[in-house]
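Subject: Structure handover

Hello,

Here is the structure for you to take over. Please open it first, then read the notes below.

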Amino acid sequence: MMNDAIDLCSCYEPICEPPVNLLEEWQDSEYAGPEPTLENTSYYVKEPDGTLYFYCGNTKIKMTEHFAENGKSVGTLLEDVIQYSANRCA
């Protein structure tokens, strides 16, 4: 059995703060990244159990739809919306 220990920390370069002028250059250039918007910070995830979630930043929302058992179908509701919109434009 070998008793020689290896110091893993000695294998890596030391971590230090970059110079202030370099940090300012990165902040003022394309390194800063895009401005956060709803389009680039939100996404949907479907869990293995089929549940759909909407994520935006630190917010998680469970997505569900509720329709009455004996109510109109989604297709009929869409037709109603289209007809209503068409009548408003006429």
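The notes below go from the overall layout to single residues.

Please keep in mind that this is a predicted model.

Overall layout

The protein chain has three helices and three strands. Along the sequence, their order is α-α-β-β-β-α. The chain counts 90 residues, and buried ones make up 4% of them. About 9,000 Å² of the protein chain is exposed, with carbon and sulfur atoms supplying 56% of that area. Now take the contacts in the chain with a separation of 6 or more: residues 24 or more positions apart account for 0% of these.

Aromatic pairs

Two aromatic pairs turn up in the structure. Start with Tyr43 and Tyr55. Their ring centres lie 5.2 Å apart and their planes meet at 10°. Planes under 30 degrees apart count as stacked, so this pair is stacked. Tyr43 belongs to strand β1, which covers residues 42–46, and Tyr55 belongs to strand β2, which covers residues 52–56. Twelve residues separate the two, and the pair links distant parts of the chain.

How do the two tyrosines compare in accessibility? Tyr43 is partly exposed, at 45% relative accessible area. Tyr55 is buried, at 17%.

The other pair is Tyr44 with Phe54. Here the ring centres are 5.1 Å apart. The planes stand at 55°, so the pair is tilted. Again, strand β1 supplies one partner, Tyr44, and strand β2 supplies the other, Phe54. They are ten residues apart, and this pair too links distant parts of the chain. Tyr44 counts as exposed, with 53% relative accessibility. Phe54 is buried, with a relative accessible area of 17%. The cut-off for buried is under 20%, so Phe54 meets it at 17%.

A charge over a ring

Look at Tyr53 next. The charged end of Lys60 sits over the Tyr53 ring, 4.3 Å from the ring centre.

Surface patch

Which residues form a nonpolar patch on the surface? They are Tyr44, Leu52, Ile61 and Met63. Together they have about 360 Å² of accessible area. Tyr44 is also a partner in the tilted pair. Ile61 lies in strand β3, residues 59–63. Ile61 counts as partly exposed, at 40% relative accessibility.

Salt bridge

Side chains of opposite charge can pair when their charged atoms come close. How many salt bridges does a search of the whole structure find? The search finds one. The partners are Asp80 and Lys72, and their closest N and O atoms are 2.8 Å apart. Asp80 counts as partly exposed, at 29% relative accessibility.

Leu38

Leu38 sits in helix α2, which covers residues 38–41. Leu38 counts as exposed, at 51% relative accessibility. The cut-off for exposed is over 50%, so Leu38 meets it at 51%. Leaving out residues up to four places away in sequence, Leu38 touches Phe54 and Cys56. Phe54 is the buried member of the tilted pair. Leu38 and Cys56 are 18 residues apart along the chain, and their C-alpha atoms are separated by 7.4 Å.

Where to look

For a quick tour, begin with the stacked pair, Tyr43 and Tyr55. Go on to Lys60 over the ring of Tyr53. Then view the patch that includes Ile61 and Met63. End at the salt bridge between Asp80 and Lys72.

Best wishes

Conventions: Residues are numbered from 1 along each chain as its sequence is written. This is a predicted model: local features need pLDDT of at least 70, side-chain atom pairs count only at pLDDT 80 or more; totals for chains, interfaces and linings use all residues. Side-chain values use heavy atoms; hydrogens and water are left out. Rings of Phe, Tyr and Trp (its six-membered ring) pair if their centres lie within 6.5 Å; planes under 30 degrees apart count as stacked, over 60 as edge-to-face and the rest as tilted. Helices (H or I, at least four residues) and strands (E, at least two) are DSSP runs, numbered from the N terminus. Buried means under 20% relative accessible area, exposed over 50%, partly exposed in between (1.4 Å probe, protein chains only). A charge sits over a ring if NZ of Lys or CZ of Arg is within 6 Å of the ring centre and within 35 degrees of the ring normal. Contact means heavy atoms within 4.5 Å. Accessible areas come from the Shrake-Rupley method with a 1.4 Å probe; for residues, only the protein chains shown count as cover. Patches are made of residues with over 30% relative accessible area and no salt bridge: like charges are joined within 9 Å, nonpolar side chains (Val, Leu, Ile, Met, Phe, Trp, Tyr) within 5 Å. A salt bridge is a side-chain nitrogen of Lys or Arg within 4 Å of a carboxyl oxygen of Asp or Glu.
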